[in-house]
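Please walk through this structure with the model open. Keep the pockets and the aromatic rings in view.

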Amino acid sequence: MARRLLLMLFIFVVSDIYFYQAISTLTGNPLVHLGYWLIDITLFAGILFIIFARRTGNNAQRFIAILISAMLLMFIPKVFSSLVLLAEDIVRVFEGFPPRSIYVSEAAAVLAGIFFLIILFGLTRGRHFYKIKRETLYFPDLPEAFDGFTITQLSDVHSGSLSDVKGVQKGLDMADAQNSDLLLFTGDLVNNMASEMMPWIPLFAKLKAPYGKYSVLGNHDYGDYIRWESATAKDANLNHLKEIHAEIGFRLLLNESVTISKQGQSIALIGVENWGKGGFHKYGDLKRATAEVPDNAFKILMSHDPSHWDEVTVDHDQHVHLTLAGHTHGMQFGIELFGFKWSPVKYVYKQWAGLYQQDGKYLYVNRGFGYHGLKGRVGIWPEITVLTLKRGNPG
């Protein structure tokens, strides 16, 4: 992780210096030059403050969110536009390094402006730019009664970050309009405190699905990231959050399973508590959750962190047909165009967005309904997943 951060810092610094060459080519105004470097110094000072101050709480989180947004607006356009200047330098090498072309510098500036506007859209409108992602999955042993069965998956609401009622309602209306048989939520209802969800209870309670609504906890739901006055207060917060799941009509699965029945046939729906690799808590217990599930049952697992699939689920002694996860948010920043998919989070999580398959087992990672940290989304838009189960062999 440290090496990746150093590499990113190196890229930002180099692109910053490169882009300054375009600015200095276009204008000799000393005030413009001074303003350029003052902005950079301010941002880097903010980064150092966050690293060394190690403050927690809502004010610190808001400051971090503002800092991240400012960094994206200032640095990402420079990174991409610097590629134009780099291409010019390759040509200049063979020409004896003549002065920079004003036209190339203008092109770099225009490109930077385009990326600035794209990022600005993501930070202002992207948080509610919901996308419906559809997948049809084939299983040879799916019970016949469930052929064509549909599931809507939501994940990572992070209600403590939400503020726009109309924007949130838009996403919930889109989810409800899918008319899926089953509605599943894969964790992180709040950022830290159960009270964050209170204003949103009436909206989420209206979601409906004929075969039920089920949920699991995510890493943020346990209140592990803020200081509590006592262990009792922290426990009370978690208990309150569990009650809220019931209030909005979701059956919370805590290392347990339920049976979904249709026309005399059934599938097993399993839910584990959060389990994540590295420094994340490992509350999940798949063995306990599947203790009463027959080996030959068709199994769908809800597990918030996709690393659980690689580390535990794939090698579990029972065949888990489909696992649904979230957690990564796709880092809320990346590129998804014409089948190409990239985000910096891919260097942390092997499975970070969309559908994955291994040994006849599927994992779907939802990109998240809400947002956290970064107050918006750029390129990786908020997601409502709709999965259709079909009986048959994959094509």
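What follows covers one pocket, then the ring pairs, then charges over rings.

The model is predicted. Begin with the second largest pocket, which holds about 200 Å³ of space. Its lining includes Phe 19, Tyr 36, Asp 40, Lys 78 and Phe 116. Three elements each give two or more residues to that lining: α2 (30–53), α3 (58–94) and α4 (102–124). By class, the lining residues split into eight nonpolar, two polar and two charged.

Now turn to the rings. The count of aromatic pairs is 17. Take Tyr 20 and Trp 37. Their ring centres are 4.9 Å apart and the planes meet at 45°. Tilted pairs are those between the 30 and 60 degree limits, so this pair is tilted. Tyr 20 belongs to helix α1 (residues 2–26) and Trp 37 to helix α2, so the pair ties together parts 17 residues apart in sequence. Trp 37 is partly exposed, at 31% relative accessible area. Ring pairs also link Phe 19, Tyr 20, Tyr 36 and Trp 37 into a cluster. Two members of this cluster, Phe 19 and Tyr 36, also line the second largest pocket.

A further pair joins Phe 139 and Phe 298. This one is edge-to-face, with 4.9 Å centre to centre and 85° between the planes. Phe 139 sits in strand β1 (residues 131–139), and Phe 298 in the loop between α8 (286–289) and β8 (299–302), so the pair ties together parts 159 residues apart in sequence. Both Phe 139 and Phe 298 are buried.

Last come the charges. Lys 277 lies over the face of Tyr 349, 5.3 Å from the ring centre. The charged end of Lys 341 sits over the ring of Trp 352, at 5.2 Å from its centre.

Terms used. Residues numbered from 1 in each chain as written. Predicted model: local features only at pLDDT ≥ 70, side-chain atom pairs only at ≥ 80, totals over all residues. Heavy atoms only, no water. 1 Å grid on protein atoms, 1.4 Å probe; cavity = no way out; pocket = protein on both sides within 12 Å on 5 of 7 lines; lining within 4 Å. Points joined across faces, edges and corners; volume = space filled by probe spheres on them. Helix = DSSP H or I, 4+ residues; strand = E, 2+ residues; numbered from the N terminus. Nonpolar A, V, L, I, M, F, W, Y, C, P; charged D, E, K, R; others polar. Phe/Tyr/Trp six-rings, centres within 6.5 Å; stacked < 30°, edge-to-face > 60°. Buried < 20%, exposed > 50% of the residue type's maximum accessible area, 1.4 Å probe, protein only. Lys NZ or Arg CZ within 6 Å of the ring centre and 35° of its normal.
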